[in-house]
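Colleague: I am new to this structure and would be glad of a guided look at one part of it. Please show me the charged side-chain pairs, and then the parts of the fold they belong to.

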Amino acid sequence: MSTQSAEQRISSATGYLLLRLGGLVRDRVEGELRPWGVTGKELRVMSFAHGREASQRDLCELSGLDRTTMVAVIDKLERLGYATRARSEADRRKQLVLLTDRGRRAVEEAVTRMTEVEADFLSPLDPAERGLLNEMIARLYAAHRPS
């Protein structure tokens with residue numbers, strides 16, 4: 001029997017700490033993205049569409065978003081003037097998502113800002129620790145990623 005209370009066991013559990021840390025990162029990112037009018041989810045889709053011809057299905061797979069959510073994201077990106085939809089010339093069944101010039105600029109600016117935010121957030125760790133943390137998280141994600 002553990003001498004720690006249930007509250008202590010939960011509040012010190014790695015999963016709980018990851019969940020709380022993820023919430024802190026999300027809140028910081030969402031705040032920093034306000035000037036572009038997008039959320040982290042929308043920036044993720046834009047970054048995957050940047051520099052490539054990507055279908056809505058491709059973007060679902062790359063971003064981990066379901067089709068219904070993807071439609072809403074692309075609708076918003078179109079309203080903001082960041083993206084357009086177009087039929088693929090090679091396969092008329094495919095709906096491509098293409099970034100506009102404005103969308104490409106927004107992605108470049110916002111991703112640059114996110115890199116700065118991440119560096120600031122991780123500043124309590126030295127560069128070697130940051131690399132190790134990233135490596136361990138990537139390994140865990142790869143092992144548990146939904147197929």
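Modeller: With pleasure! One definition will help: a residue is buried under 20% relative accessible area, exposed over 50%, and partly exposed in between. Please also keep in mind that this is a predicted model.

Let us start with the pairs themselves. Side chains of opposite charge can pair when their charged atoms come close. In this model the count of salt bridges comes to nine.

A good place to begin is helix H6, which covers residues 101-121. Here the side chains of Asp101 and Arg104 meet in a salt bridge, with 2.1 Å from N to O. The two residues both belong to H6 and lie three residues apart, about one turn of the helix. Arg104 has a relative accessibility of 31%, so it counts as partly exposed. Asp101 is partly exposed too, because its relative accessible area is 48%. Salt bridges with shared partners also join Glu32, Arg113 and Glu116 into one network.

The other end of H6 brings in a partner from far along the chain. Asp120 forms a salt bridge with Arg28, and their closest N and O atoms are 3.3 Å apart. Arg28 sits in helix H2 (residues 14-33) and Asp120 in H6, so to speak a link between distant parts of the chain, 92 residues apart. Arg28 counts as partly exposed at 35% relative accessibility, and Asp120 does as well at 48%.

Now let us move to the sheet, where another pair is waiting. Arg85 forms a salt bridge with Glu78, the closest N and O atoms being 2.6 Å apart. At 22% relative accessibility, Arg85 is partly exposed; Glu78 is partly exposed at 31%. Arg85 falls within strand S2, which spans 83-87, while Glu78 falls within helix H5, residues 67-79. H5 lies across S2 and S3, running at about 115° to S2.

What does the sheet around Arg85 look like? Three strands make up an open sheet in the order S1-S3-S2, with antiparallel pairing. Strand S1 (54-55) and strand S2 are the edge strands, each pairing on one side only. Five bridges hold the antiparallel pairing of S2 with strand S3, residues 95-99. Across from Arg85 stands Val97 in S3, and Ala86 stands opposite Leu96 in S3. Leu96 is also the bridge partner of Ser55. S1 is joined to S3 by two bridges, and these strands also run antiparallel.

Finally, the two helices linked by Arg28 and Asp120 lead us to a pocket. The largest pocket has a volume of about 1700 Å³. Its lining is made by 39 residues, and those nearest its centre are Gly22, Val25, Arg44, Glu118 and Ile137. H2, helix H3 (40-49), helix H4 (56-63), H6 and helix H7 (127-144) are the elements that give two or more residues to this lining. The largest share comes from H2, with nine residues. As you turn the model, H2 and H6 are good guides: they carry the Arg28 and Asp120 pair, and both contribute to the pocket lining.

Key. Residues numbered from 1 in each chain as written. Predicted model: local features only at pLDDT ≥ 70, side-chain atom pairs only at ≥ 80, totals over all residues. Heavy atoms only, no water. Pairing = 2+ DSSP bridges. Helix = DSSP H or I, 4+ residues; strand = E, 2+ residues; numbered from the N terminus. Contact = heavy atoms within 4.5 Å. Axes fitted to C-alpha atoms, helices over the stretch in contact; angles between N-to-C directions. Salt bridge = Lys/Arg side-chain N within 4 Å of Asp/Glu carboxyl O. Buried < 20%, exposed > 50% of the residue type's maximum accessible area, 1.4 Å probe, protein only. 1 Å grid on protein atoms, 1.4 Å probe; cavity = no way out; pocket = protein on both sides within 12 Å on 5 of 7 lines; lining within 4 Å. Points joined across faces, edges and corners; volume = space filled by probe spheres on them.
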